[in-house]
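Got the structure open? Let's go through a few labels and ask what earns each one.

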Amino acid sequence: HAARTLDLDLILFGDLVTHEAGLEVPHPRFRARRFVLAPLAEIAGEWQDPVTGATISALLRALPSRRA
């Protein structure tokens, strides 16, 4: 949690699934983040999460609806 020059979150990398020190792909919390899924669904909604097999569009639809 120190200051960083660059903070890059790697969400997906093809069908790679890896858990190494300092690197976890797919990103462990992307499935619950509308701000990640919504724009990704616009450009690649058919991509599949290599862990669950669900498409990005399906993951987005599965999120609880936002409150008004």
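**What the labels rest on**

His27 sits in the loop between strand S2 (23–25) and helix H1; helices (H or I, at least four residues) and strands (E, at least two) are DSSP runs, numbered from the N terminus. This is a predicted model, where local features need pLDDT of at least 70, side-chain atom pairs count only at pLDDT 80 or more, and totals for chains, interfaces and linings use all residues. Residues are numbered from 1 along each chain as its sequence is written, and side-chain values use heavy atoms, with hydrogens and water left out.

Q: Why does His27 count as buried?
A: Buried means under 20% relative accessible area, exposed over 50%, and partly exposed in between (1.4 Å probe, protein chains only). His27 has 7% relative accessibility, so it counts as buried.

Q: What does His27 touch, not counting residues up to four places away in sequence?
A: That would be Asp9, Leu10, Ile11 and Arg33. Contact here means heavy atoms within 4.5 Å.

Q: What makes the Arg31 and Asp49 pair a salt bridge?
A: The rule asks for a side-chain nitrogen of Lys or Arg within 4 Å of a carboxyl oxygen of Asp or Glu. The side chains of Arg31 and Asp49 meet at 2.5 Å, N to O, so the pair fits. Arg31 is in the loop between S2 and H1 and Asp49 in the loop between H1 and H2, so the pair ties together parts that are 18 residues apart in sequence. By this rule the count comes to one salt bridge.

Q: Which label does each partner get for accessibility, buried or partly exposed?
A: Arg31, at 22% relative accessibility, counts as partly exposed. Asp49 comes out at 0%, so that one is buried.

Q: How do you know that the buried residues of H1 line one face of the helix?
A: The buried residues of H1 (residues 34–44) are Val36, Leu37, Leu40, Ala41 and Ala44. Seen down the axis of H1, they fall within an arc of 115 degrees, so they line one face. The arc is that of the directions from the helix axis to the C-beta atoms. The face turned away carries the exposed residues Phe35, Glu42 and Ile43.

Q: What makes a nonpolar core, and which residues are in the largest one?
A: A nonpolar core is a set of buried Ala, Val, Leu, Ile, Met, Phe, Trp, Tyr and Cys residues joined through side-chain atoms within 4.5 Å. The largest has 10 residues, among them Leu12, Phe30, Ile56 and Leu63. Its largest share, five residues, comes from H1.
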